[in-house]
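Please look at the sequence and the structure shown here, and then follow the account below, which takes two ligand sites in turn.

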Amino acid sequence: MMLRRVLAVTAVVAGIGVLTAICFFFWPHRLPTVLATASQPQGEDLIARGKYLVTASDCEACHTAPGGKPFAGGLAFKLPFGTIFSPNLTPDMQAGLGSWSDAEFVRAMRSGVGKHGEDLYPAFPYTSYALMSTDDILAVKAYLGTLQPQRNPSLPAQLSFPFNQRWLMRGWKLLFVPWHPFERDANKDDRWNKGAYLVEALAHCGECHTPRGLMFEKEQARALSGGDVDGWKAWNITSDRENGIGGWSDQDLVAYLSKGYVHRHGPASGSMRQAIDLSLSRLPKSDIEAIVSYLRTVRSLPSSYPKVTVNNLVPAIQSAQAWSPGLNKQDGLGLRIFEGACASCHGFDGSGQNAPWASLAGSHSVNDPAGSNLIRLILQGSSDSTHNPTTTMPNFAAAYSDAEIAAVANYVINHFAGRNGKVTPSDVAKAR
Ligand code: HEC
Ligand code: HEC
Ligand code: HEC
């Protein structure tokens, strides 16, 4: 088994090496010829279409530094071998995209190639955007061109050798970037096709929810069965009833995706919260319904991480008057911290004291004995852009030690899901 694996990996690495060598000499860095079709809107309609597409594909989330101007870039991406920064997308002639031609922009979105022919890393999700139509890519460019130019120069990448040799990406790209834009499926209705385009191309759900293989490629055979985003679990969203969203009603899914929380499934935190705040919550309801209609047809798959089934204890907690702090004597430290730092917003019955946002009822994160998302949320707080105190979870990284955060996480898992939390102080240290 082991030997076969080693051989398989060696074969893949060698294969990519050969491809890369070939690509180095023959890579088609030619600029594509780009022309919009006759159905492309014009004038203000074009800008409106571009604005919609930029929202649906959430360019802002990655191209804005914390506290910085929207789309002016500068957000750091820590890769295993260095750090890269998102560039400035505003139309400044020097610092931004002001001098880019249509063809250069289409090439960047389809093949991950920068203005001067440099290969871009797939932290820029062109593996999804390659599915966008040429008309839509041009509409995105037209809208970005109407933004206020910002002069912050894009920051140079800090990469170690050999990863600073960007052309090494070429073999990888040949294998893992789609070759053709999305094609509509004539056997399905318009709503489904719109949902497929949103999920696969624009909203790039798979960049987070699809597990990655040894080469960091999305494992399409296990599409949407659960991915890892900086240690957060982006849950299985295939139609599997036990592990995925097969057990969610359409209404619940629509509410979660458009508002960021739903009674019985808890709130969205981390990068999902951000995707909802900046993108999904700003889309028309018909788009969200289209997404749900497509997700319903995604083949059911077991999760890519150890199975986490959701144990919804909240009705029991709420009806049993016996639930009060201090009942479970083993809770000790975790209970004390919850009482002091968390209960004012969350309540002991999980209903969310002040805002439905804080309702922990049935949340996947509190059912995961490993507490992967829970400890990261306690450390980082919400990625809330509105700074509205009733919808924001503060961060506790500085307030508590690793042991204290592990204790409160285990208390939450035990109290709200009836499971034995397995969070250790070293798990917390790793997540800091
Ligand atoms: C998940 C994060 C992420 C999202 C979402 C994202 N980008 Fe990027 N983008 C990046 C990163 C990181 C880079 C730099 C890659 C590198 O240096 O190899 C980049 C690079 C680019 C470049 C190359 C610019 C240059 O100066 O070389 C363009 C153009 C671009 N992105 C446009 C977009 C557009 C348009 C959208 C939305 C449709 C978008 N990006 C969404 C992360 C993202
Ligand atoms: C930038 C990464 C990212 C993107 C893009 C993303 N998600 Fe998520 N998603 C996550 C993470 C992380 C979680 C876990 C959040 C939590 O536990 O609160 C999550 C949670 C969810 C959940 C809740 C599942 C459960 O069992 O509780 C659903 C449903 C979901 N995402 C659907 C989608 C859909 C549909 C899209 C595309 C339209 C999408 N996500 C795009 C990262 C992402
Ligand atoms: C000021 C109010 C406030 C305080 C204090 C607070 N939270 Fe939260 N919490 C929220 C809000 C609002 C959300 C939902 C929004 C989000 O996650 O971004 C949330 C979400 C959560 C979630 C759900 C995560 C998910 O993905 O399903 C958990 C678990 C949680 N908090 C635990 C805690 C713990 C443990 C503490 C104490 C250490 C705490 N909270 C303190 C407001 C608060």
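A polar contact, in the sense used here, is a pair of N or O atoms within 3.5 Å. The model is a predicted one, and the distances discussed below should be read with that in mind.

With that cut-off in hand, the surroundings of ligand 2 can be taken up. A nitrogen atom of ligand 2 lies 2.8 Å from an N or O atom in the side chain of H209, and an oxygen atom of ligand 2 lies 2.5 Å from an N or O atom in the side chain of H364. The backbone takes part as well, since a polar backbone atom of S269 is found 2.9 Å from an oxygen atom of ligand 2.

H209 also belongs to the metal site of this ligand: the iron atom of ligand 2 has H209, through NE2, and M272, through SD, as its protein donors, at 2.0 to 2.2 Å. H209 is part of helix α9 and M272 is part of helix α11, so that the two donors tie together parts that are 63 residues apart in sequence. What arrangement do the six donor atoms around the iron atom of ligand 2 form? The angles that they subtend run from 88 to 180°, and the arrangement is therefore octahedral. As for the accessibility of H209, its relative accessible area is 10%, and because buried means under 20%, H209 counts as buried.

Around these contacts lies a shell of 24 residues, of which C205, C208, H209, M272 and H364 are the closest to ligand 2. By class, this shell holds 16 nonpolar residues, seven polar ones and one charged one. Several elements each supply at least two residues to the shell around ligand 2, among them α9 (205-209), β5 (232-234), α11 (270-278) and α15 (364-367). Seen by domain, the shell around ligand 2 draws at least three residues from each of domain 2 (190-295) and domain 3 (314-431).

Ligand 3 can be followed in a similar order, beginning with its metal. The protein donors of the iron atom of ligand 3 are H346, by way of NE2, and M393, by way of SD, which lie 1.9 to 2.1 Å from it. H346 is in helix α14 (residues 332-346), whereas M393 is in the loop between α16 (372-380) and α17 (402-417), so this pair ties together parts that are 47 residues apart in sequence. The six donor atoms around the iron atom of ligand 3 subtend angles of 85 to 177°, and the arrangement is octahedral for that reason. Are these protein donors buried or exposed? H346 counts as buried at 14% relative accessibility, and M393 is buried with a relative accessible area of 18%.

Oxygen atoms of ligand 3 also make polar contacts with the protein. The side chain of S269 has an N or O atom 2.6 Å from an oxygen atom of ligand 3, and a polar side-chain atom of S363 is 2.6 Å from an oxygen atom of ligand 3. The elements that give two or more residues to the shell around ligand 3 are α14, α15 and α16, and α14 gives the most, with four residues.

The shell around ligand 3 comprises 24 residues, with C342, C345, H346, S363 and M393 coming nearest; by class, 15 are nonpolar, eight polar and one charged. Where does ligand 3 lie with respect to domain 2 and domain 3? Both domain 2 (190-295) and domain 3 (314-431) give residues to its shell, so ligand 3 lies between them.

Methods
Residues numbered from 1 in each chain as written. Chains lettered and ligands numbered in written order. Predicted model: local features only at pLDDT ≥ 70, side-chain atom pairs only at ≥ 80, totals over all residues. Heavy atoms only, no water. Donors = N, O, S within 2.8 Å, 3.2 Å for Na, K, Ca; no water. Tetrahedral: all angles 85-135°; square planar, octahedral: opposite > 155°, others 65-115°. Buried < 20%, exposed > 50% of the residue type's maximum accessible area, 1.4 Å probe, protein only. Near = heavy atom within 4 Å. Polar contact = N/O pair within 3.5 Å; in protein donor to acceptor, adjacent residues only side chain to side chain. Nonpolar A, V, L, I, M, F, W, Y, C, P; charged D, E, K, R; others polar. Domains from an automatic or database assignment.
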